[in-house]
Amino acid sequence: LCAAVPLKDMKLLDVKLGQLPTWLAMRDFTPGGILGALRRGHDRYYNKYINVKKGGLGGISMVLAGYVLVSYIWSYSHLKHDRHRKYH
């Protein structure tokens with residue numbers, strides 16, 4: 001039989017909706033905790049998509065797609081203004 005995993009050690013996708021407030025209360029929201037979470041996320045992404053024996057363009061293309069999406073969001077107000085302008 002599998003031993004029950006404590007709520008503190010569960011991943012977000014394994015937490016049930018009723019347990020979510022308790023799980024969030026156990027998270028470390030200090031600057032060091034947030035920096036540690038970002039570092040773990042970067043390491044997980046790097047080891048899954050970049051640091052592989054047989055590499056592809058998957059990881060790099062996701063970073064590029066994210067950059068394109070963020071730059072579009074940042075310039076959306078300017079693009080929206082230009083859309084309503086009449087060109088002659």
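Here is a short back-and-forth on a predicted model of a helical protein.

Me: What makes this an all-helix pattern along the sequence?
Reply: Reading along the sequence you get α-α-α-α. The count says four helices and zero strands.

Me: Why is Y72 called partly exposed?
Reply: Its relative accessible area is 45%. Buried needs under 20% and exposed needs over 50%, so Y72, at 45%, falls in between and counts as partly exposed. As for where Y72 sits, that's helix α3.

Me: What makes Y72 eligible for a surface patch?
Reply: A patch residue needs over 30% relative accessible area and no salt bridge. Y72 has 45%, so it clears the area cut-off. Y72 is indeed listed in a nonpolar patch, along with L69, V70, I73, W74, Y76 and L79. Together they have about 760 Å² of accessible area.

Me: Which helices supply that nonpolar patch?
Reply: α3 (58–74) and α4 (76–83) each put in at least two residues. α3 gives the most, with five.

Me: How do you know that residues 56–76 are a transmembrane region?
Reply: That label comes from the UniProt annotation, in an unreviewed entry, and such annotations may be inferred rather than shown by experiment. What the model itself gives is a span that is 86% helix and 0% strand, with its end C-alpha atoms 31 Å apart.

Me: How much of the protein is buried?
Reply: Just 8% of the 88 residues. The protein exposes about 8400 Å², and carbon and sulfur atoms supply 66% of that.

Terms used:
Residues are numbered from 1 along each chain as its sequence is written. This is a predicted model: local features need pLDDT of at least 70, side-chain atom pairs count only at pLDDT 80 or more; totals for chains, interfaces and linings use all residues. Side-chain values use heavy atoms; hydrogens and water are left out. Buried means under 20% relative accessible area, exposed over 50%, partly exposed in between (1.4 Å probe, protein chains only). Accessible areas come from the Shrake-Rupley method with a 1.4 Å probe; for residues, only the protein chains shown count as cover. Patches are made of residues with over 30% relative accessible area and no salt bridge: like charges are joined within 9 Å, nonpolar side chains (Val, Leu, Ile, Met, Phe, Trp, Tyr) within 5 Å. A salt bridge is a side-chain nitrogen of Lys or Arg within 4 Å of a carboxyl oxygen of Asp or Glu.
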